[in-house]
Amino acid sequence: MSSNAITIPGTHIEARPWVDELHQWLTTVDHKRLGILYIISALLFLAIGGVEALIIRIQLMHSHNDFVSPEVFNRMFTMHGTTMIFFVAMPVLFGFANYLVPLMIGARDMAFPRLNAFSFWLSFLGGLLLYFSFLGGSGLYGAGSAPDVGWWSYAPLGARAFSPGHSSDYWTLALLVSGFGSIGTAINIIATILCLRCPGMKINRMPLLVWMNLVMAGMVLLAITPLSAAQIMLLIDRYLGGHFFDTQAGGSAVLWMHFFWIFGHPEVYVLIIPCFAFMSEIIPVFSRKPIFGYPVMVAATVCIAFVSMSVWAHHMFTIGMNSYANSFFTLTTMAVGVPTGIKIFNWIGTMWGGRIQFKTPMLFSIGFLFQFLIAGLTGIMMAASPFDWQLSLSYFVVAHFHYVIVGGILFALFAAFYYWYPKMTGRMLSERLGKWHFWLFLIGFHLTFDVMHIPGLLGMPRRIYTYEPGRGWDTLNFIITIGAFIQALAILVFLANLIISYFKGARAGNDPWDAWTLEWSISSPPPVYNFAVVPTVASRRPLWDLKHPEDPDSRYE
Amino acid sequence: MSMLRMKSSTLRFLAQTILLLFWSALAVWANEPKGPFPHGTNIFAPASTPAKSIADLSVFVLVITGIIFVVVCALLVYSVIKFRGRATDAGREPAQVYGSTQIELAWTIIPILIVVVLFLATARVIHAIQDAPEPAGAVQVTAIGHQYWWEFRYPKLGIVTANELHIPVSDPSHPTPTFLQLLSADTDHSFWVPELGGKTDLIPNHPNRMWMDPQRTGVFLGQCAQYCGTQHAKMLLRVSVDGPEDFAAWVRAQQSLAVEDAGAIAGRRVFESNACMNCHAVAGTAADGRFGPDLTHLMSRATIAAGAAKNTHDNLRLWIQDPRAIKAGSLMPAMKLSDADLDAVVSYMETLR
Amino acid sequence: MSAVTTSFPNTAAAWQLPSRGKVAMAGLIIGEFAIFTIFVVAYLFYLGKSLTGPTPREVLETPIFYTICLLSSSLTIHFAAKCLARGIGFAFLGFWLLTIALGGLFLYGTAEEWHRLIYEHGLTISTNLFGTTYYSLVGLHAFHVTAGLVMLVTVAVFGLSGRVEEKHSGRIDVLSMYWHFVDAVWVVVFTVVYVLGR
């Protein structure tokens, strides 16, 4: 991957030995390379987390199965959840943010390149630490190995008394370490966006991707930090004899739940808001129209960020809060659906009256819209707390959040991959393989996660390593497992596409999609310095103004 | 090429519709009762007032969200079909529309109204269920969650039992609901019998309260819903809703001390001289351990190990000899008795009717 | 790839964006405030809930003197920064060293208090809920004071060797933001622990 675009004719550039190239990558502070490192490490953990999911699904294929022991199963679902949230979703989104934000604002790099590198390596170290638990987690009486307390590690299950050995400690430390990395990245993103925009790019002229990453970074500062605090408290309990969550000493298990979900709920918005960002960049380009309602999209995002900090206890509807608390969180949770819905309407409004091109990024975007709508509606169902007293802790919830994370976030990420891979590598991803990827994944996804709602309605709780026959869950679980394997196949097609296209893909050029934001004005891949001349912008779509000087956006804004 | 594009996107939505129909059919099939006895665990087959209120609210919510889904989906499908790019467009861009304040207002206000309606409907049900007063004739049960079994105490009736709950059926004209106080001896658990009510957690140092008033007799199944450790999956619930005479008979039987069968002296001696007494209680004897289930009326239960196995001679024998064979990770240790002792103690257990 | 429209006014001179050091420090402060908030919430929640052991009223003595030290150090660092901005190196160094001394004194006060609590009253982090929440909250704050002092001492070393100049005043401002934050947190911790909590 060349990072130099200027070649002076007549000169001879020596190929670097691979050790040097590796060293360059390991010591880089360039936001583009760090972005790619984030993405590659995320793909690695995606494969591992996916295998864990397949093990879960094989075990649950029929009742009273014994593919794995209950101990192994409990580790699998703990590691699957922890890996996917902290070492796949967050890094890949930070990776795209790292790559795109400086380019979209016309900057040379992030505000603090060395902090950027440090944050990435902290995050990666956290992942390694989590997986080291398989080797190093052993403790008294053979307990230990990978954590098996669920990705929330509810008190008192996470206490020394119920989790002897070090498996829980690896969970805690891995998340603490990568949490600090996330905070570093968030600070970096905010400083970059507020301080490094090119001339003319006023705050209301930034691309929506930049706006949404700004909001996301702000949320990280307020959401990840409560988890860090709770983790420190847990470590104090486990190592210094503290009683934060020690119910025998008068401590409160519910306090852990509050602290965890004050992190946990905004966290899922931290994950989805960058995906909204991708959609807000991709859907306009493939509809050939600007985003419908830019100011409303910004306002809705900020509104979501604020309201989402007030909904956390909808994860705790069953713990016995009084009716007033339950009503309050019902109201706020339903309320956060309003700005979210507005965004869906605005995306459809963008497509309306356009000339839609069904390239692979747009296919995934349409899938996102359909699935995110459904996911949001099942969320509204669970916001009605009495309904949630049945649905909570069942496979209905599992279906709901996978609908958001896989049907929403992952689909948006696939769209982002197909859209920006040409910029990052200079090659187009194969449309043919892309369509195979899309259809296979769509079928597998719906087979698994549409059906998965039903066992929940039929009383199947989550986190069970096996279940009783005769409850009507057998056939459904079998179908769900089939869908999982189809999705795995689709992911293989995707990975193959990424690799093959790198060597054989069509050359992309600067602007293969005829798009309008600043990153498409430079070469693919961009030179290491990004912009030879600092750009000056006069509207939200600087390249539209360049390509349509007779009718620039700056006339209407 | 654009024809192909159209076909693929319309095909997709046709496929979606077919899938949706298929899954609905599946749901209907899955909802069919599996037999008269015991009942299933279907949240849409409520047998008690809280479960019924929830089911009714759920239908209301489903209808509203269903309408929203149909409307938004229709808009999406329409835009994908009507505004697809054609080969004849090449080069020309459509009208660049930036937004519309009226449309934004419309699709802000309507959702807010929907939220208000949904919230009000929900708040009513929340209060009706959570703030229901406890009538004088209510049966009181204290449920204590353990890793991985349920302890049930009836404080006013002087009964201690485990895993299988017996409650009276409630006649709507003279209700006799059961009010449960939920406690935990170790980690978090959750009491979930879908056809009798929503779930409520059992959290140490945080007592909770729930109620149910089943209006049909029968056996209702459920299980622990909050991950509590290795054998969370096998912490099953079995609620027997009895008619008034049956319930009274059950109460009388449970209130009595353990049966003293002279033929089981040898087994009882094994029980009392090994570590069994440390964890288990048999009313009327010296055994008063609280860590494990009360065994006074063990044979009145249909299952052992919190539903993990049927209460048969062989299962009982296997359980005492090596619990890991039935429920690996359970906190009952393998007693490592000799065959003779094992047979004797099983015989003793079988006298505890 | 340079100018976009022909009629665009010259923005280069008028294009001022905030300093990235200040924005980054503000971000860090926001995140840290969230962490402290969680510890404060735990402290307040557990007030009066200890099952055993010494209570706040029995053992806590309000550290008025050391609080005055810490809060004055905010004043001195403010003056130090001001002096550096005006190029008065001597005064800057004087105020800076005074800040370090006051901060160090505060830490000494904390150490003295903890010594008394542990050895005279038998209150440790594992004694009861009060012990756990008290040592965690005050300890977290003391940790941040220590980290701040390390940074202040580093600057003092550079200052004493004549390497800190007027052009560095932006960075000194960022560091003093951190120090003000540490003091602001102490105002909250002091109120919660020594005023409300007793």
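Of the two pairs of chains in contact, which chains share the most contacts? The answer is chains A and B. Keep in mind as we go that this is a predicted model, so let's walk through what it shows, starting with that pair.

On one side of the contact sit 82 residues of chain A, and on the other 84 residues of chain B. Quite a list of chain A helices gives two or more residues to the side that touches chain B, including α3 (70–104), α7 (253–287), α10 (360–383) and α13 (431–451) of chain A. The one that gives the most is α9(A), with 16 residues. Sort the residues on this side of chain A by character and you get 47 nonpolar, 28 polar and seven charged.

Now for the other contact, the one between chains A and C. Here 34 residues come from chain C and 44 residues from chain A. On the chain C side, the elements that give two or more residues are α1 (20–46) and α5 (129–160) of chain C. The largest share, 13 residues, is due to α1(C). By character, the chain C side breaks down into 21 nonpolar, eleven polar and two charged residues.

And what about chains B and C? No contact joins chain B and chain C, and their closest C-alpha atoms are 12 Å apart.

Let's stay with chain C for a moment. Chain C is built from six helices and has zero strands, so to speak a plain α-α-α-α-α-α run from the N terminus on. How does its radius of gyration look next to that of a compact globule of 198 residues? Such a globule would come out near 16 Å, whereas chain C has 21 Å. Along the principal axes, the C-alpha atoms of chain C fill a box of roughly 75 × 45 × 25 Å. Of its 198 residues, 37% count as buried. If you look at contacts within chain C between residues at least 6 apart in sequence, 84% of them join residues at least 24 apart.

Chain B brings in strands. One feature to find there is an open sheet of five strands, in the order β3-β2-β1-β5-β8 (chain B), with mixed pairing. Its edges are β3 (159–162) and β8 (208–212) of chain B; each has a single partner strand, so one side of each is left without a neighbour in the sheet. Ignoring direction, neighbouring strands of this sheet are turned by 25° against each other on average. Strands of a sheet pair through backbone hydrogen bonds, in either a parallel or an antiparallel sense. For β1 (residues 139–146) and β5 (residues 178–184) of chain B the sense is parallel, with seven bridges. One place to look is B:Val139, whose bridge partner in β5(B) is B:Thr178.

Finally, zoom in on a helix of chain B, α5 (residues 265–273). Its buried residues are B:Gly267, B:Arg268, B:Val270 and B:Phe271. Why do these residues lie on the same side of α5(B)? Because they cover an arc of only 155° around the axis. The general background is that an α-helix has 3.6 residues a turn, so residues three or four places apart point the same way. Turned away from the buried side of α5(B) is a face that carries the exposed residues B:Ile265 and B:Ser273. As for what covers the buried residues of α5(B), α6 (276–279) and α9 (339–350) of chain B are among the elements that do.

Terms used
Residues are numbered from 1 along each chain as its sequence is written. Chains are lettered from A and ligands numbered from 1 in the order in which they are written. This is a predicted model: local features need pLDDT of at least 70, side-chain atom pairs count only at pLDDT 80 or more; totals for chains, interfaces and linings use all residues. Helices (H or I, at least four residues) and strands (E, at least two) are DSSP runs, numbered from the N terminus. The radius of gyration is taken over C-alpha atoms; the globule rule is 2.2 Å times the number of residues to the power 0.38. A residue is buried if 20 or more other C-beta atoms lie within 10 Å of its own, exposed if 12 or fewer, and partly exposed in between; C-beta atoms are placed from the backbone. Two residues are in contact if their C-beta atoms, placed from the backbone, lie within 7 Å. Two strands pair if DSSP finds at least two bridges between them. Axes are lines fitted to C-alpha atoms, for helices over the stretch in contact, and angles run from 0 to 180 degrees between N-to-C directions. Ala, Val, Leu, Ile, Met, Phe, Trp, Tyr, Cys and Pro count as nonpolar, Asp, Glu, Lys and Arg as charged, and the others, Gly among them, as polar. The arc is that of the directions from the helix axis to the C-beta atoms.
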